[in-house]
Amino acid sequence: MKIKTISAIIAIIFLSNIYAMAQKTIAKATKGKFLFGVAVNMQQVNGNNPTESELIAREFNAIVAENCMKPQPIHPQEDKYQWTDADKFVAFGEKNKQAITGHCLIWHSQIGRWFFVDENGKDVTPEVLKERMRQHIMTVVGRYKGRVQGWDVVNEAFEDDGTYRNSKFYRILGKDFIKYAFQFAHEADPDAELYYNDYNVETPAKCDAIVELVKELRAAGCRIDAVGSQGHMHMDDPTLEATETSLMKLKAAGVKVLITEWDISILPSPYSGANISARFTYSKEMDPYREGVPDSVQQEWNKRVLDMFELFLKHNDVVDRVTLWALNDSISWLNNFPIRGRKDYPVLFDRNNQPKSVVADMIMMAKKYKKKG
Ligand code: GLA
């Protein structure tokens, strides 16, 4: 072989190694396709566990706060806001040059009871509730104006059958509470993206209701950029077909889709069990992997992750972000939900903060897909 040919080969090997090194996180491999994010807690923001803080900085280009921006922690009483944690969270994302999502402005859960009642404990009038929403949203969104890329404006307003959840917001204001929330958020930061976020978006009736909501909001002149599909998944639910159909429906409605809280529980799901009364009761049968996950089950989980991830990549014209709901298995909420005290393995880093083997496969897979056009 001629010297020139040999040096060309060496140069190619050298360059492709550099390329491979540059792509060795999922966030790098999905760059230009979608953002790859993670939910973070305050221990991580505060650096109490430096390994986790470093992993978050290195492996992800988007973050969302697991708790500190929810209505209850950030606005525990009508005249009291607690900014310390949320301020640190936003600064953490800025330091790491990550896209920051504000989660969440209006939600029936994790919200102070004061929001809905007067000094006698009676439900407030629609006018008072609307004004409290306005104050809350203007104050929170206003504080982080220009620093938060987008907000989960309303979380979980629908039941799975597509009817409105009978929350206090709905009971007092009717479905217009959603429109008001989007109007206030836009007024507070006209440049921020605005999202509607929910779980089981793959359920046809629920997806249709969300599509209808998008149309109604747009007809009322509201800004809505994307629907957040939480993506809390099980081994066989939702199906790939149902997931793809929901992506297509939302795309047709003209919004982007964000997979906002992705995790795949490896444990048996009480929801599909025959005995509904055993739903939340701990039993050894519902917690089969305390000593570790058998290889065959791990392979099935890996395949499930790759199948879903491939779907997101294939539809990256509409999927703008994929965010995991926890950095590692030990801190996932699924260890305590819907049954307390189980040992689940739902995310991409293990209990020692090591990437699971599927991560390398995801990187390879992501590289094969083209960037957004
Ligand atoms: C919902 C919320 C999240 C989080 C999870 C459980 O999906 O949107 O903020 O509370 O439940 O941890």
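A polar side-chain atom of W325 lies 3.2 Å from an oxygen atom of the ligand. I begin with this contact in what is, I should say at once, a predicted model. Two further side chains belong beside W325. In Q230, a side-chain N or O atom is 2.8 Å from a ligand oxygen. In H232, the corresponding distance from a side-chain N or O atom to an oxygen of the ligand is 3.2 Å. How much of the ligand's surface does the protein bury? Taken alone, the ligand exposes 300 Å², and the protein buries 89% of that.

Let me turn to the shell around the ligand. Besides Q230, H232 and W325, the residues around the ligand are K70, H103, W107, Q110, N155, E156, E261 and W333. By class, this shell divides into 3 nonpolar, 5 polar and 3 charged residues.

Where does the ligand sit with respect to the open spaces of the protein? The space that the ligand takes is the largest pocket. The volume of this pocket is about 730 Å³. Its lining comprises 32 residues, of which Y199, Q230, H232, W333 and F337 are the closest to the centre. Q230 and H232 thus appear again, having already been named for their distances to ligand oxygens. As for secondary structure, strands β3, β7 (232-233) and β8 (256-264) each supply at least two residues of the pocket lining. The composition of that lining is 11 nonpolar, 12 polar and 9 charged residues.

I now move from the pocket to enclosed space. As a general matter, rolling a probe the size of a water molecule over the atoms shows where empty space is left. How many cavities of 30 Å³ or more are there in this model? The count comes to 3. The largest cavity has a volume of about 60 Å³. Two elements, β3 (99-107) and β4 (150-155), give two or more residues to its lining. The lining of the largest cavity consists of I106, W107, H108, V154, N155, E156, A157, R165, S167, F169 and F177. Of these, 6 are nonpolar, 3 polar and 2 charged. I would draw attention to W107, N155 and E156, which line the largest cavity and also belong to the residues around the ligand.

Finally, some remarks on the backbone, for those who intend to inspect the torsions. The peptide bond from H103 to C104 is cis, with omega near -5°. C104 is placed in strand β3, and H103 is one of the residues around the ligand. A cis peptide bond also joins F337 and P338, where omega is about 0°. P338 lies in the loop between β9 (319-324) and α13 (357-368), while F337 is among the residues closest to the centre of the largest pocket. Which residue other than glycine has a phi near 55°? That residue is K97, and the value is positive. K97 is found in the loop between α6 (84-95) and β3.

To close, I return to the ligand: the space it takes is the largest pocket, and its oxygen atoms have the contacts described for Q230, H232 and W325.

Note on methods: Residues numbered from 1 in each chain as written. Predicted model: local features only at pLDDT ≥ 70, side-chain atom pairs only at ≥ 80, totals over all residues. Heavy atoms only, no water. 1 Å grid on protein atoms, 1.4 Å probe; cavity = no way out; pocket = protein on both sides within 12 Å on 5 of 7 lines; lining within 4 Å. Points joined across faces, edges and corners; volume = space filled by probe spheres on them. Helix = DSSP H or I, 4+ residues; strand = E, 2+ residues; numbered from the N terminus. Nonpolar A, V, L, I, M, F, W, Y, C, P; charged D, E, K, R; others polar. Near = heavy atom within 4 Å. Polar contact = N/O pair within 3.5 Å; in protein donor to acceptor, adjacent residues only side chain to side chain. Areas by Shrake-Rupley, 256 points an atom, 1.4 Å probe, with all protein chains shown as cover. Sits in = over half its atoms within 2 Å of the grid points.
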